[in-house]
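Colleague: Before I use this model at the bench, I would like to go through some of the terms applied to it. Please give the reasoning behind each one.

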Amino acid sequence: MEKHDGRDTGEVRFDDPWYDALASGWGELDGTGAPAPAVPSARPEHEGRAGGTADVYLEVQRSAAFQEVRSRYRRFVVPGVAVFFTWYVGYVVTATTAPGFMARPVAGAVNVAMVAGLGQFLSTFLFTWAYARHARLRRDRAALDLRWDTQELTRSVRGGER
Amino acid sequence: MTGNHQTLALLLFSAFVAVTLGITTWVSRNRHGSAEEFYVGGRLFSPMENGFAISGDYMSAASFLGVTGLIALYGYDGLLYVVGFLVAWLVVLFLVAELVRNCGRFTLADVVAARMNERPVRIAAGTSSVTVSVLYLVAQMVGAGSLVALLLGGSSEAARNWTVIGVGALMVIYVSLGGMRATTWIQIVKAVLLLSGSIVLTVLVLVRFHGDVNELLRSAAERSGHGDAFLAPGLKYGGDWTARFDFISLGLALVLGTAGLPHILSRFYTVPTARAARRSVVWSIGLIGGFYLMTIVLGFGAAAIVGPETVRGANAAGNTAVPLLALDLGGGANSAGGTVLFAVVAAIAFATILAVVAGITLASSASVAHDLYASMRRRHAKPRSEVAVARTAAVGIGVVAIALGLLARDLNVAFLVGLAFAVAASANLPVLLYSLFWRSFTTRGAVWAVYGGLVPALLLVLLSPVVSGSPDSLFPSVDFQYFPLQNPGLVSIPLGFLAGWLGTVTSAEPPDEAKHAETEVRSLTGAGAV
């Protein structure tokens, strides 16, 4: 797996236009567009500790580093889901209960319904971009560090048991 | 249709079959028969490849034929479908893709079973996955049948039935010989073909109206005979409240169902990391969004250029609007251009059906072998034999899908897919979200969540006007219709969530904190991911 991780972070990046484009700083919590400051490592808290692999996961779950990654994920995803789901359900309910309003013309043959439908497309693209950007800048590095720490801990515990 | 159409379309289609069979042979020339290779192609695809393959899996005949047909017949109400199909991907991207990639190995049940008492959970999740897949397969088979009926002129029963059987046989060959690697490459080839075909047709439609979308919409509205009502919601789902609730039900099913489709979930395992899974989804949202924007143009184009009467005349459900549009755009029935374009589009539609069918068959055979068989056999057998079971399961699923496909052949394809989505959203999504995000979720909760969504969804379909009691039903002569809506989602999705919650709060066994910690840490960091 390690080998493919390397490939993933390295050379594939450039052929993916969704990946590096649009790094303008919009949608970023701190507004700078720079990668978020690294979170503290989970490792020092556990070094030299004995126990099964189940305990390793419990310890990591309680560590400040993991809590930080989890809350960064939730702080983005929970409001995000709430917004797009409400917007979509609102659109569907309006389309079925208020067709008169949806039929109101805007420009030429284009009516409110058309604008709302295309708005759904646009918002989907925007949400996708914002999520990918947030995950890349605010979560990826911290999650990768935690992954190594956790695997190190698991390995040392397994080694100790043998 | 003249003989030229048929010959050329069949020729192109045979070329596609030959190429895909070539791919199947080529990728399986030095296979090892490991489960890793058969189910997930060794997890070695790049995000871009997987993004194309995901969109290939998702842009089914239902979208290309069914949705464009709905737009051509009912105008804006068809467009509501594509919005649901697209927005659904945000649920997948935000809540499912990365976490599932980190926690699971091959199937949906892997994610749930990691926290729970494995056997009952696996059997439940495996059963619902297979059910969803079979429903989705039937939709594709029906699409294949109606396409051939158009191609071979009128309503040749035998030709239609033999197509369904032929498609079934081919999909079994792809899947059981080539596994995930062949299936993925077939999806990629098909996605490229489908997108190019749609681009050509869209450009031709826009050229016909001199790039004036306004003019296109106006002509469509005029030709439809409904006037401006054609461009606003309400033609199909307006009217009485039953129809309106039916649409809300469908909308919910579409947006929540995608994240529970087994063949979409299994695609995330074909890339090495969660980050790659996320980037595959971003790619596929771009491709799928672009494709659906084009289907809107094609649908209104078919209404404006071909006209709803002709579309309805060729196939009552509208499934053949796009091939007819291609015929007209190329210059009409007796021109060389029309013949070529019609044949190309028909062949692309066939390719679409074949590829989607292969993807679903693979996912459901994985559920049968990895979840059901592995839980029900007595001793641990070698992984090798699990793959053998999966290959056999592909044959069995093929037979079932062929039989149901022959039975359901007059229903609209997009509508059938709506049913599959409703079952996926009711049975698979609650259990998946609960096990990823709810600390106190228990085994009983998981089992109840699956059956509490699956059983009501299926029962409600059985009691709905789809099966009996109306002239368009599967069995019009009998009447056991007690549930007014065609799509069960509005009732069965909340029931799935409710059952999961109820099962959890009533279960005697305390939730396993350590296993929850493991799932949560693994899902967000990728530690221990395979």
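The questions below take up terms used for chain A, for its contact with chain B, and for a pair of helices in chain B.

Modeller: Keep in mind that this is a predicted model.

Colleague: What makes up the secondary structure of chain A?

Modeller: Chain A has six helices and two strands. Along the sequence they follow the pattern α-α-α-α-α-β-β-α.

Colleague: How many of the residues in chain A are buried, as a percentage?

Modeller: Of the 162 residues in chain A, 28% are buried. As for contacts in chain A between residues at least 6 apart in sequence, 68% of them join residues at least 24 apart.

Colleague: How many residues does each chain give to the contact between chain A and chain B?

Modeller: Chain B gives 54 residues and chain A gives 54 residues. On the side of chain B that touches chain A, the elements giving two or more residues include helix H3 (47-58), helix H5 (76-103) and helix H12 (274-306) of chain B. H5(B) supplies the largest share of that side, eleven residues. By class, the side of chain B that touches chain A has 34 nonpolar, eleven polar and nine charged residues.

Colleague: Why are H12(B) and H14(B) called oblique to each other?

Modeller: The axes of H12(B) and helix H14 (residues 321-329) of chain B cross at roughly 60 degrees and come within 9 Å. Angles under 35 degrees count as roughly parallel, and 65 to 115 as roughly perpendicular. The angle of roughly 60 degrees is in neither range, and H12(B) and H14(B) are therefore oblique to each other.

Colleague: What is the handedness of the crossing of H12(B) and H14(B), and which residues make the contact?

Modeller: The crossing is left-handed. H12(B) contributes B:Leu298, B:Gly301, B:Ala302, B:Ile305 and B:Val306, while H14(B) contributes B:Ala321, B:Val322, B:Leu324, B:Leu325 and B:Asp328. These residues divide into eight nonpolar, one polar and one charged.

Colleague: How do you know whether B:Ala321 is buried or exposed?

Modeller: B:Ala321, in helix H14 of chain B, has 32 other C-beta atoms within 10 Å. A residue is buried if 20 or more lie within that distance, so B:Ala321 is buried.

Colleague: Which residues does B:Ala321 touch, not counting residues up to four places away in sequence?

Modeller: B:Ala321 touches B:Thr68, B:Gly69, B:Ala72, B:Ala302, B:Val306 and B:Val311. Its C-alpha atom is separated by 8.8 Å from that of B:Leu298, 23 residues apart along the chain.

How values were computed:
Residues numbered from 1 in each chain as written. Chains lettered and ligands numbered in written order. Predicted model: local features only at pLDDT ≥ 70, side-chain atom pairs only at ≥ 80, totals over all residues. Helix = DSSP H or I, 4+ residues; strand = E, 2+ residues; numbered from the N terminus. Buried ≥ 20, exposed ≤ 12 C-beta atoms within 10 Å, placed from the backbone. Contact = placed C-beta atoms within 7 Å. Nonpolar A, V, L, I, M, F, W, Y, C, P; charged D, E, K, R; others polar. Axes fitted to C-alpha atoms, helices over the stretch in contact; angles between N-to-C directions. Parallel < 35°, antiparallel > 145°, perpendicular 65-115°, else oblique. Left-handed = near helix turned anticlockwise from the far one by under 90°.
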